[in-house]
Amino acid sequence: MDSKQIIKIVSYSLGIISFGFLFWWLNYNPTHDFELNMEGADNRGSGLEAQEVEIGEYFEQFATGYTEFSETWPRFRGEDFDNISKSPIKLIDNFGNDGPKILWSKELGEGHSGAAIYEGLVYILDYDEEERADILRCYSLLDGKEMWVRGYNLNIKRNHGMSRTIPAITEDYILTMGPMCHVMCLDRETGDFRWGLDVAREYESEIPLWYTGQCPLIDDGKAIIATGGNALMVAVDMETGEKLWETPNPEGWKMSHSSVMPYSFGGRKMYVYSAIGALVGVAADGEDAGEILWQTTIWNHSVVAPSPVCMPDGKIFMTAGYGAGSMMAKLSENNGEFSIEVLSKYPPRDGLACEQQTALYWNGHLFGIVPKDGGPNRNQLVCVHPDNPQEMVWTSGSENRFGLGPYFIADGKMFILNDDGTLFIARPSTERYIQIDQVKVIEDGHDAWAPFAIANGYLIMRDATTVVCIDLNV
């Protein structure tokens, strides 16, 4: 064998090895087994879970009078859990020469907690570093006047922000879930404390990375909390604090940042939850309430923030960041028994995927912002059809890239918030991206990730440290 042949063989072998390494690198999931031991996460564990916390101990009232309104945005993703406002109120489609009409703004502790709105009052969870307290703040929607605060002392450190969750509000109750999994139930009108639950202590739950991201749910007079630990999910009577049922958790699935979504399909009402370990459906009513109706461990990732998107035909879309990509599954029912089939599972560069926000289902299509590891479509708003979420119907294009901020639909318009506090207005379409206007709302804005809330034409949005109310009325 002469030297030319040897060189040719060596070059060929190196090419195969290089290709193999490239294939591995492109398909490697960087979070498949990592312990999530990151800066700021070292204050999870027994030391914090052992804190003696008197939930709801602190209350201060500042005002009583406010302007009442008729509309609500009572929880994460709004009245119907779809992030679409059904209000008939007409909203602006451009900001004009004078820019947005900002009614008020407030400085908050570093965090990403969004607001809930109920008939003229705004509720937002905040962590006060000076007071070392986890606090629910109540503001007047029209003028930002602070009405009252209710909270409790809690020692935590910054972990890329503290508060991340949105309260759930009904006519009678307020339900919050704080950074270290403390659940607090209050009287809506007065802010009076009703009951509390230390989830991490009682259920031996592992507090998620970057603190609690799960937004609590009130459904049919019950608080629904995905606990992880020695129960997967619990239902608590809102009036009394009595536990109504607990879902067994023999596999030890853990609490994620994802929120529980109610879903009716096949003649049953259920709660769909993406735990760390599995995607599950839990019976919401009947004699088997609290029991798992179906599950799939094919969806199993270490960091999950978006919530399940449950579609009328039984399709369920799940996505996550950190290389997890997405999964489309199909739920089926046969004589009261449920099964779930995975239709597709793919990395983020191969279709619709989202890192932090939950995809939007509108007019038979899914919309979302592809994460930074999404290849050529990274950080673009995209539209896909659920039958083929790996094929783009359209993208916003390389000239229109966004971050981890929220997006929703109101008055036939899509509002999108970029990381730096720039607000965009687009026209929802299943044909192409149609941008109408944009404006910088928060100067020096950063990490503007909290979900929107809107009622009576007043939009609540925030970045890491500032919450603002914008008048979008025509």
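Guide: Contact means that heavy atoms lie within 4.5 Å of each other. The model is predicted, so local features need pLDDT of at least 70 and side-chain atom pairs count only at pLDDT 80 or more, while totals for chains, interfaces and linings use all residues. Residues are numbered from 1 along each chain as its sequence is written, and side-chain values use heavy atoms, with hydrogens and water left out.

Visitor: Which residues does G196 touch, not counting residues up to four places away in sequence?

Guide: G196 touches I55 and V183. G196 sits in strand β11, residues 193-198. Its C-alpha atom is separated by 7.5 Å from that of G241, 45 residues apart along the chain.

Visitor: Why is G196 called partly exposed?

Guide: Buried means under 20% relative accessible area, exposed over 50%, and partly exposed in between (1.4 Å probe, protein chains only). G196 has 38%, so it falls in the partly exposed class.

Visitor: What makes E110 count as buried?

Guide: E110 has a relative accessibility of 19%. That value is under 20%, so E110 is buried. E110 is placed in the loop between β3 (101-107) and β4 (115-118), where helices (H or I, at least four residues) and strands (E, at least two) are DSSP runs numbered from the N terminus.

Visitor: What does the side chain of E110 reach?

Guide: The side chain of E110 reaches the backbone nitrogen of G161 at 2.8 Å. A polar contact is a pair of N or O atoms within 3.5 Å; within protein, one must be able to donate a hydrogen and the other to accept it, and residues adjacent in sequence count only if both atoms are side-chain atoms. Leaving aside neighbours within four places in sequence, E110 is in contact with R158, H160, G161, M162, S163, R462, A464 and T465.

Visitor: How do you know that W299 is buried?

Guide: The relative accessibility of W299 is 0%, so W299 meets the buried cut-off. W299 lies in the loop between β19 (292-296) and β20 (309-310). A polar contact of 3.0 Å joins the side chains of W299 and S274. The C-alpha atoms of W299 and A324, 25 residues apart along the chain, are separated by 9.1 Å.

Visitor: Why does E202 count as partly exposed?

Guide: E202 has a relative accessibility of 41%, a value between the two cut-offs, so E202 is partly exposed. E202 is found in helix α3, residues 199-203. Leaving aside neighbours within four places in sequence, E202 is in contact with L197, N230 and K243. The C-alpha atoms of E202 and N230, 28 residues apart along the chain, are separated by 8.8 Å.

Visitor: What is the phi of Y322?

Guide: Phi of Y322 is near 55°, a positive value in a residue other than glycine. Most residues other than glycine have a negative phi. Y322 is in the loop between β21 (315-320) and β22 (325-334), and at 30% relative accessibility Y322 counts as partly exposed. N379, not a glycine, has a positive phi of about 65° and is found in the loop between β25 (365-369) and β26 (381-385).

Visitor: Which residues line the largest cavity?

Guide: N379 is one of them, and the others include C354, E355, Q356, Q357 and Y407. On a 1 Å grid over the protein atoms alone, a cavity is a set of points where a 1.4 Å probe fits but cannot get out, and a pocket is an open set with protein on both sides within 12 Å along at least five of seven lines; lining residues have an atom within 4 Å of a point. The largest cavity has a volume of about 70 Å³, a volume being the space filled by probe spheres set on the points, which are joined across faces, edges and corners.

Visitor: How many cavities of 30 Å³ or more are there?

Guide: A search of the whole structure finds 4. The second largest has a volume of about 50 Å³, and its lining includes R75, F76, C215 and M261.

Visitor: What is the volume of the largest pocket?

Guide: The largest pocket has about 600 Å³ and is lined by 25 residues, of which R164, H257, A305, Q356 and W449 lie nearest its centre.

Visitor: How many helices and strands are in the chain?

Guide: The chain has 3 helices and 34 strands. Buried residues make up 58% of its 474 residues.
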